[in-house]
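Work through the exercises below with the sequence and the model at hand. Each task is followed by a solution in steps.

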Amino acid sequence: MKKFLFGLLTGLCVTFGAFNASANETPLPTFDKTRTAIVITDPQKDFLDKSGKLYGLVAPNMEKLGTIKNIETLMKTAKSQGLALAVDPLVYTKLDINWDQAGALQAQLLEMKALYSDTLDPAELVGTGADFYEPFKKYINDGKTIVVAPHKMYGPESNDLIYQLRAHGIDTVVLGGLVANLCVDSHMRALMENGFKVYVVKDAVAAPGEEAYNAALVNYGMIANGVLTTAQATQALK
């Protein structure tokens, strides 16, 4: 039985891996711009800035994919095409440091004070690892972007993202951000579970290594409504 299940899962992974590889051959989706949002998870200094505490973990994958440029392209597309743009950061504060039920990775992040600010006061966030990546601030801080309350684990279950999207009449999400196999994956799952259509942009994400990235791609192919490149997403959103 174990061999049968292993073989079945391996076959599924190969099948969906092939699906992702042949994404260029599939028709582009049609989006209703009034009901579609581009959602970016964790566009923050600790991940994206060379001085960030977590930059080294994802830098090789980001460089290979062109992640930073591609996330910016999605943000520009949202602004130029009149789409909703939402950003969902991960922020820890001093109120979180003494959690006694933190998961393995959470405990490490809390110990090293990654994505950390003493409080959520915007003035105190500036310049910390939890602050938004500086080149993205012109898109995020324009008074039109939906900036939701920070999530604390990986998905949006602990914040107001889903409420905000529904309140703005959104039913379809084009998703990118950090980290591919953690927060992006978890957001994809939560949004799908809540009835949204989700299209993941596979080169506007990054993971800590090829193995983690490839694992994320398999999950995207199995769960999301579609897996696109940045070029495909921007073309479909014109």
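Helices are DSSP runs of H or I with at least four residues, and strands are runs of E with at least two. The model used here is predicted.

**Exercise 1.** State how many helices and strands the protein has, and what share of its residues is buried.

Solution. Step 1: counting the elements gives 11 helices and six strands. Step 2: the protein has 238 residues, and 50% of them count as buried. Step 3: the exposed surface comes to about 11600 Å², with 56% supplied by carbon and sulfur atoms.

**Exercise 2.** Decide whether T67 is buried or exposed, and find what its side chain pairs with.

Solution. Step 1: locate T67 in helix α4, which covers residues 67-81. Step 2: the cut-off for buried is under 20% relative accessible area. T67 has 0% relative accessibility, so T67 counts as buried. Step 3: beyond neighbours within four places in sequence, the contacts of T67 are N61, M62, D203, A204, V205 and A206. Step 4: for one of these, V205, the backbone oxygen is 2.7 Å from a polar atom of the T67 side chain.

**Exercise 3.** Do the same for S158: where is it placed, and which residues does it touch?

Solution. Step 1: S158 sits in the loop between β3 (146-147) and α8 (161-167). Step 2: partly exposed lies between the 20% and 50% limits. The relative accessible area of S158 is 46%, so S158 is partly exposed. Step 3: leaving out residues up to four places away in sequence, S158 touches P150, H151, K152 and M153. Step 4: a polar atom of the S158 side chain lies 3.3 Å from the backbone nitrogen of K152.

Terms used:
Residues are numbered from 1 along each chain as its sequence is written. This is a predicted model: local features need pLDDT of at least 70, side-chain atom pairs count only at pLDDT 80 or more; totals for chains, interfaces and linings use all residues. Side-chain values use heavy atoms; hydrogens and water are left out. Buried means under 20% relative accessible area, exposed over 50%, partly exposed in between (1.4 Å probe, protein chains only). Accessible areas come from the Shrake-Rupley method with a 1.4 Å probe; for residues, only the protein chains shown count as cover. A polar contact is a pair of N or O atoms within 3.5 Å; within protein, one must be able to donate a hydrogen and the other to accept it, and residues adjacent in sequence count only if both atoms are side-chain atoms. Contact means heavy atoms within 4.5 Å.
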